[in-house]
Amino acid sequence: LRDNRIELVRASWHELSISVSDVSLSDEGQYTCSLFTMPVKTSKAFLTVLGVPEKPQITGFTSPVMEGERMQLTCKTSGSKPAADIRWFKNDKEVKDVKYLKEEDAIRKTFTVSSTLDFLADRSDDGAVVSCRVDHESLNSTPQIAMQVLEIHYTPLVKIISSNSWPEEGQSIILTCESKGKPVPEPVLWTKDGGELPDPERMVVNGRVLSISFLNKTDNGTYRCEAKNPIGRNSTEYVLIVHDVFNTLLPTTVIPSLTTATVTTNVALTASTTTSATATSIRDPNALAGQTGPDHALIGGIVAVVVFVTLCSIILLGRYLARHKGTYLTNEAKGAEDAPDADTAIINAEGSQVNAEEKKEYFI
């Protein structure tokens, strides 16, 4: 061996040792040790030199990338012997669908390895870390890694959040327009039914927040929130329905069996609706649990029965008396005491049978 990098470490009748410094690929080959006896004895060994892969590099990324565009990222490393293995990861999750290419260097007997990751840019990839990992037996289980942080631009994503799920008249409501996009969207635009907000005094816009105070039925309608950035614009809608105050559903009421009829009613009342006490029974919402009031339906039913019986009795009594009517003569010979004689008294008498008229009296 004629090389300054090779040194004799130990020499004796039993052992001969050498060392090779700064090992290169050219040092690979067969080494022979000879013992000069008669006959000469030899022993051979083959030395394999591993080619350490260079640190990988990622190419093909231009920042920023628009959503929906196709991205092709290439990871490349050279100088490996045998050929190195390349793996792709996105946020520590391995990506399997990649292209692998291996090229051999005829002079140095090493390999250049490359791998391509091909995908469509999505807004969910914004800020994701894409890494290329090179594994090789010469790296002693410590892989070489190259990383690239993705920057994806996309149109705004808009959502409206309401502070009141059941708005009533007189109350207030706050509508918040959440918009997310890259670049950051400009201040949002609020409209109602396709036009400007009709009442700026009650409808106040502060940034992305729309506040409406003292709600009434004229506030019903479709509210639109629109956000835009240099990539594009997007919008969403919220339908506002203002409900009446104290809008409740009355309990089912059954008329007592004394009326020989059963009626079930479900009546929705507002604050302006009036009902008869004999038709429905309304519980006081402020009453304590377990307290019960008088049954107005029962009382009304009893009163109705009493009135009905009374009317029937009067009608029957009237019909009975009408069938027993009579004719009577009264005040016969009235005034006879003033006549001078009997003949005159008979002639002048108001009650005389001669000139008397029948007088009829009817008792009703």
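A search of the whole structure, which is a predicted model, finds 2 disulfides. A disulfide is a covalent bond between the sulfur atoms of two cysteines. With bonded cysteines counted along the chain, the disulfides of the protein chain follow the pattern 1-2, 3-4.

One disulfide is formed by cysteine 75 and cysteine 132, whose sulfur atoms are 1.6 Å apart. This pair links distant parts of the chain, with cysteine 75 in strand β7 (residues 70-80) and cysteine 132 in strand β12 (residues 129-135), 57 residues apart. The torsion about the S-S bond of cysteine 75 and cysteine 132 is about -70°, and the disulfide is therefore left-handed. Both cysteine 75 and cysteine 132 are buried.

Cysteine 177 and cysteine 225 also form a disulfide, and the distance between their sulfur atoms is 1.7 Å. Distant parts of the chain are again linked by this pair: cysteine 177 belongs to strand β15 and cysteine 225 to strand β19 (residues 221-229), 48 residues apart. The link of cysteine 177 and cysteine 225 is left-handed, with -75° about the S-S bond. Cysteine 177 is buried, as is cysteine 225.

Two further cysteines were examined for accessibility. Cysteine 33 has a relative accessibility of 41%, so this residue counts as partly exposed. The relative accessible area of cysteine 312 is 31%, and cysteine 312 is therefore partly exposed. Partly exposed residues lie between the cut-offs of 20% and 50% relative accessible area.

Strand β12, which holds cysteine 132, also contains serine 131. Serine 131 has 11% relative accessibility and therefore counts as buried, since the cut-off for buried residues is under 20%. When residues up to four places away in sequence are not counted, serine 131 touches Arg87, Trp88, Phe89, Ile145, Ala146 and Met147.

Strand β15, which holds cysteine 177, covers residues 173-182 and is joined to strand β14 by 7 bridges. Strands β14 and β15 run antiparallel. In this pairing, leucine 157 stands opposite lysine 180 in β15. Strand β14 (residues 152-162) also pairs with strand β6 (residues 65-66), here in the parallel sense and over 2 bridges. Methionine 66 stands opposite histidine 153 in β14. In a regular strand the side chains alternate between the two faces of the sheet.

Aromatic rings were considered next. A search of the whole structure finds 0 aromatic pairs. Lysine residues do, however, lie over aromatic rings: lysine 90 lies over the face of phenylalanine 119, at 4.4 Å from the ring centre. Lysine 102 lies over the face of phenylalanine 111, and its distance from the ring centre is 5.6 Å.

For the protein chain as a whole, the secondary structure comes to 2 helices and 24 strands. The protein chain has 364 residues, of which 25% are buried. Contacts between residues at least 6 apart in sequence were also examined, and 55% of these contacts join residues at least 24 apart. The accessible surface of the protein chain comes to about 25800 Å², and carbon and sulfur atoms account for 54% of this surface.

Definitions and conventions. Residues numbered from 1 in each chain as written. Predicted model: local features only at pLDDT ≥ 70, side-chain atom pairs only at ≥ 80, totals over all residues. Heavy atoms only, no water. Pairing = 2+ DSSP bridges. Helix = DSSP H or I, 4+ residues; strand = E, 2+ residues; numbered from the N terminus. Phe/Tyr/Trp six-rings, centres within 6.5 Å; stacked < 30°, edge-to-face > 60°. Lys NZ or Arg CZ within 6 Å of the ring centre and 35° of its normal. Disulfide = S-S within 2.5 Å. Buried < 20%, exposed > 50% of the residue type's maximum accessible area, 1.4 Å probe, protein only. Contact = heavy atoms within 4.5 Å. Areas by Shrake-Rupley, 256 points an atom, 1.4 Å probe, with all protein chains shown as cover.
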